[in-house]
Amino acid sequence: MYQVVAPQTEQEWEHYYEIRWQVLRAPLQQPRGSEKDEYEQHAWHRMVIDEQGNVVGVARLHLVSTDEGQIRYMAVIEQHRRKGLATVMLESLEAIARQESVKRVILNARTSATNFYENLGYQVTGDAPEIFGQIPHVQMCKPLDEVEVIIRNPQWCLDLQNIWHQQIPITQLMGIRVYQYTGTTFETRAALNPNMNLHGTMFAGSIYSLATLTGWGLVHLMMKEQKIEGDIVLADADIHYHKPVTELPRSIANFENIEGDFLPLEENKKARITVQVEVLDDMTPVAKFVGQYVVMPKKTD
């Protein structure tokens with residue numbers, strides 16, 4: 001039984017880089033350190049572990065541009081090859097690339113491995129530099145389709161995202177977008193790379209912004225469901241950070257965690273709605289946000 005994970009502890013990082021060096025550099029008589037480059041701190045790293053927790057395969061993704069990601073340093077130790085481990089690592093990194101709104105993934109493959117990558121949707125686009133002048137490589141590319149998710153009233157969700165991008169332009173640069181709305185749950189996601197600090201984790205301010213917009217968005221969708229009009233503003237908020245975000249920023253709010261109603265609007269008064277929002281790093285809760293939103297009655301002419 002194998003599992004794809006991200007290295008976390010110092011020991012896991014040591015094993016991760018050791019596999020890189022042993023498989024990719026030692027056979028070419030290259031020194032330790034040659035298995036790393038300048039993108040390590042700004043990349044997504046994955047490794048495969050076996051039932052005993054031994055690292056048996058590694059791979060990495062970094063962004064070349066906002067539209068293009070590159071997968072490098074794919075390596076599986078010999079006794080664990082031909083078991084589909086390279087495929088699951090590729091799928092894991094491609095999933096991250098999709099979440100970062102990447103449109104295509106490129107990689108440099110040994111000419112002997114082109115059939116493997118072609119079977120997974122990659123196409124040869126040209127020659128690539130030989131590794132240390134010894135092994136011929138070609139560049140390959142795979143276009144990425146957007147992930148399909150369940151969205152109730154997709155036009156509402158599109159309009160909401162357009163409101164954010166047009167009225168708060170920085171949200172587009174942050175990669176904040178509506179991911180899922182089911183009528184009971186609302187989820188947003190953000191790109192990690194443009195929100196990353198020098199420690200390789202997400203800025204606390206970016207986490208706060210993502211949570212604030214998620215709560216605001218849920219109130220907006222509630223009003224659409226109930227055919228209510230009004231202007232939403234954040235009146236007060238509290239957030240507790242538990243852990244840093246290092247992988248996939250997700251923010252989720254549920255209708256069942258809302259307090260307040262819109263009845264005061266019927267008397268042309270302000271309505272107060274309190275929303276709880278959970279921020280996750282992929283599946284791990286990292287912050288809890290509680291925001292109090294005030295809905296102002298629409299002014300009539």
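Two residues are in contact here when they have heavy atoms within 4.5 Å of each other. Hold on to that for the opening number. Take contacts in the chain between residues at least 6 apart in sequence: 64% of them join residues at least 24 apart.

One caution before we go on. This is a predicted model.

Now the overall picture. The chain has 301 residues, and buried residues make up 49% of them. There are six helices and 13 strands. Along its principal axes, the C-alpha trace spans about 80 × 40 × 35 Å.

Let's take the sheet. It is an open sheet of six strands. What is the strand order? It goes β8-β9-β11-β12-β13-β10, and the pairing is antiparallel. As a reminder, strands of a sheet pair through backbone hydrogen bonds, either parallel or antiparallel.

Which strands stand at the edges? Those are β8, residues 177-181, and β10. Each has a single partner strand, so one side of each is left without a neighbour in the sheet. Neighbouring strands are turned by 25° against each other on average, direction ignored.

Look at one pair in that order. Strand β12 covers residues 271-281, and eleven bridges join it to β13. The two run antiparallel. To find a spot in β13, go to Val-290: Gln-276 stands opposite it.

A helix comes in here too. Helix α4, residues 154-167, lies across β8 and β9. Strand β9 is residues 185-189. The helix runs at about 155° to β8.

Next, the core. How many residues does the largest nonpolar core have? It has 78. Four residues have the most contacts inside it: Val-219, Phe-262, Val-275 and Val-295. The largest share of this core comes from helix α6, residues 204-225, which gives ten residues.

Zoom in on Phe-262. Set aside its neighbours within four places in sequence. Phe-262 is then in contact with Val-219, Met-222, Met-223, Gln-226, Ile-228, Ala-271, Ile-273 and Val-295. Two of those names, Val-219 and Val-295, were also in the list of residues with the most contacts inside the core.

On to charges. A search of the whole structure finds 14 salt bridges. I will show three.

Start with Arg-20 and Glu-40. Their closest N and O atoms are 2.9 Å apart. Why does this pair tie parts of the chain together? Arg-20 lies in helix α1, residues 10-25, while Glu-40 lies in the loop between α1 and β2, residues 43-49, so the bridge joins parts that are 20 residues apart in sequence. Is Arg-20 buried or exposed? The cut-off for buried is under 20% relative accessible area. Arg-20 is at 0%, so it counts as buried. Glu-40 is at 9%, so it is buried as well.

This pair has company. Arg-20, Asp-37, Glu-40, Arg-60 and Arg-72 are linked in a network of salt bridges.

Second pair: Asp-231 and Lys-298, with the closest N and O atoms 3.4 Å apart. Here the link spans distant parts of the chain, 67 residues apart. Asp-231 sits in strand β10, residues 231-241. Lys-298 sits in the segment after β13, and β13 is residues 284-296. Asp-231 is partly exposed at 37% relative accessibility. Lys-298 is partly exposed too, at 40%.

Third pair: Lys-269 and Glu-267, at 3.5 Å from N to O. Lys-269 is partly exposed, at 48%. Glu-267 has a relative accessible area of 56%, so it counts as exposed.

Now cysteines. How many disulfides does the structure hold? Zero. A disulfide, remember, is a covalent bond between the sulfur atoms of two cysteines. Cys-141 is buried, at 15% relative accessibility. Cys-157 is buried at 4%.

Last, two backbone details. Gln-29 is not a glycine, yet its phi is positive, near 60°. Where is Gln-29 found? In the loop between α1 and β2. Gln-29 is exposed, with a relative accessible area of 64%.

The other is Asn-153. Its phi is positive as well, about 50°, and it is not a glycine. Asn-153 is found in the loop between β7, residues 135-143, and α4. Asn-153 is partly exposed, with a relative accessible area of 29%.

To close, go back to the model and find three places. Find Phe-262 and its contacts, including Val-219. Find the bridge from Arg-20 to Glu-40. Then find the edges of the sheet, at β8 and β10.

Methods. Residues numbered from 1 in each chain as written. Predicted model: local features only at pLDDT ≥ 70, side-chain atom pairs only at ≥ 80, totals over all residues. Heavy atoms only, no water. Salt bridge = Lys/Arg side-chain N within 4 Å of Asp/Glu carboxyl O. Helix = DSSP H or I, 4+ residues; strand = E, 2+ residues; numbered from the N terminus. Buried < 20%, exposed > 50% of the residue type's maximum accessible area, 1.4 Å probe, protein only. Core = buried A, V, L, I, M, F, W, Y, C linked by side-chain atoms within 4.5 Å. Pairing = 2+ DSSP bridges. Axes fitted to C-alpha atoms, helices over the stretch in contact; angles between N-to-C directions. Disulfide = S-S within 2.5 Å.
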